[in-house]
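Here is a short briefing to read with the model open beside you. Take the topics in any order you like.

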Amino acid sequence: MAEDVKSFGDLKSTLIKAKPTESEAAAEKPKANRDAKGRAYATGKRKNAVARVWIKPGKGTITVNGKEEKIYFARPVLRMIVRQPLIAANRDGQFDVIVTVAGGGLSGQAGAVRHGISRALIAYEPGLRAVLKPGGFLTRDPRAVERKKYGRPKARRSFQFSKR
């Protein structure tokens with residue numbers, strides 16, 4: 001690919017790219033990642049919770065650890081968090097979601113499921129990345145509980161100071 005360049009005009013011609021062929025254009029376009037049954041899989045994480053998420057076309061039911069979404073996530077706020085990526089992508093009610101989640105508390109698990117659903121939607125339909133990325137659904141939230149330090153009752157809390 002080493003070409004002799006003797007002038008700026010020659011340099012410009014080497015920098016201009018030709019139109020990509022059909023095979024190159026297809027290689028650049030992200031391909032859907034589905035299994036033989038038409039499902040997409042992704043893993044979501046938040047705090048100490050890890051969610052394994054499978055999505056497939058269906059009626060819109062969400063099953064978490066074998067239970068219905070309303071039973072597992074009893075608080076409406078947690079159910080809203082779980083459904084956010086589906087609503088943002090206008091796919092609410094179009095996919096059945098099966099989730100296995102472990103670790104952490106309910107709030108962290110809801111965040112992990114949200115992250116997993118977002119990643120599974122992109123695996124199923126790569127064009128949704130442009131919708132989900134600006135909403136922050138694809139970013140793993142790095143915040144976690146800070147460890148307790150020695151000589152202190154909690155991570156940062158100090159014992160009460162007394163002059164006497």
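A residue is called buried under 20% relative accessible area, exposed over 50%, and partly exposed in between. By that scale Lys 47, with a relative accessible area of 37%, is partly exposed because its value falls between the two cut-offs. Please keep in mind that this is a predicted model.

**The chain as a whole**

- The chain holds six helices and five strands, and along the sequence they follow the pattern α-α-β-β-β-β-α-α-β-α-α.
- Of the 164 residues in the chain, 28% are buried.
- Among contacts with a separation of 6 or more, 66% are between residues 24 or more positions apart.
- The chain exposes about 11,900 Å², and carbon and sulfur atoms supply 54% of that area.

**Helix H4**

- Helix H4 covers residues 76–88, and its 13 residues should span 18 Å at 1.5 Å a residue; the end C-alpha atoms are 18 Å apart, so the two values agree.
- There is a bend of about 40° in H4 at Val 82, and a proline, Pro 85, follows within four residues.
- Which residues of H4 are buried? They are Leu 78, Val 82, Pro 85 and Leu 86.
- An α-helix has 3.6 residues a turn, so residues three or four places apart point the same way.
- The cover over the buried residues of H4 includes strand E3 (62–64), helix H3 (69–72), strand E5 (95–102), helix H5 (106–124) and helix H6 (129–132).
- Met 80 also belongs to H4, but Met 80 counts as partly exposed because its relative accessibility is 48%.
- Met 80 and Arg 114 are 34 residues apart in sequence, and their C-alpha atoms are 9.6 Å apart in space.

**Ser 118 in helix H5**

- Is Ser 118, a residue of helix H5, buried or exposed? Ser 118 counts as buried because its relative accessibility is 0%.
- Leaving out residues up to four places away in sequence, Ser 118 touches Pro 85, Leu 132, Phe 137 and Leu 138. Of these partners, Pro 85 is also one of the buried residues of H4.
- Ser 118 and Thr 43 are 75 residues apart along the chain, while 9.5 Å separates their C-alpha atoms.

**The largest pocket**

- The largest pocket has a volume of about 180 Å³.
- Its lining is made of 13 residues, and those nearest the centre of the pocket are Arg 46, Gly 111, Arg 114, Thr 139 and Asp 141.
- Two elements, strand E1 (40–46) and H5, give two or more residues to this lining.
- Which element gives the largest share of the lining? H5 does, with five residues.

**Two loop residues with positive phi**

- Lys 47, found in the loop between E1 and strand E2 (49–57), has a phi near 50°, a positive value in a residue other than glycine.
- Asn 90 follows H4 and sits in the loop between H4 and E5.
- Phi of Asn 90 is near 55°, again a positive value in a residue other than glycine.
- Asn 90 counts as exposed because its relative accessibility is 61%, whereas Lys 47 is partly exposed at 37%.

How values were computed. Residues numbered from 1 in each chain as written. Predicted model: local features only at pLDDT ≥ 70, side-chain atom pairs only at ≥ 80, totals over all residues. Heavy atoms only, no water. Expected span 1.5 Å × (residues − 1). Bend = angle between axes of the 7 residues up to and from the residue. Buried < 20%, exposed > 50% of the residue type's maximum accessible area, 1.4 Å probe, protein only. Contact = heavy atoms within 4.5 Å. Areas by Shrake-Rupley, 256 points an atom, 1.4 Å probe, with all protein chains shown as cover. 1 Å grid on protein atoms, 1.4 Å probe; cavity = no way out; pocket = protein on both sides within 12 Å on 5 of 7 lines; lining within 4 Å. Points joined across faces, edges and corners; volume = space filled by probe spheres on them.
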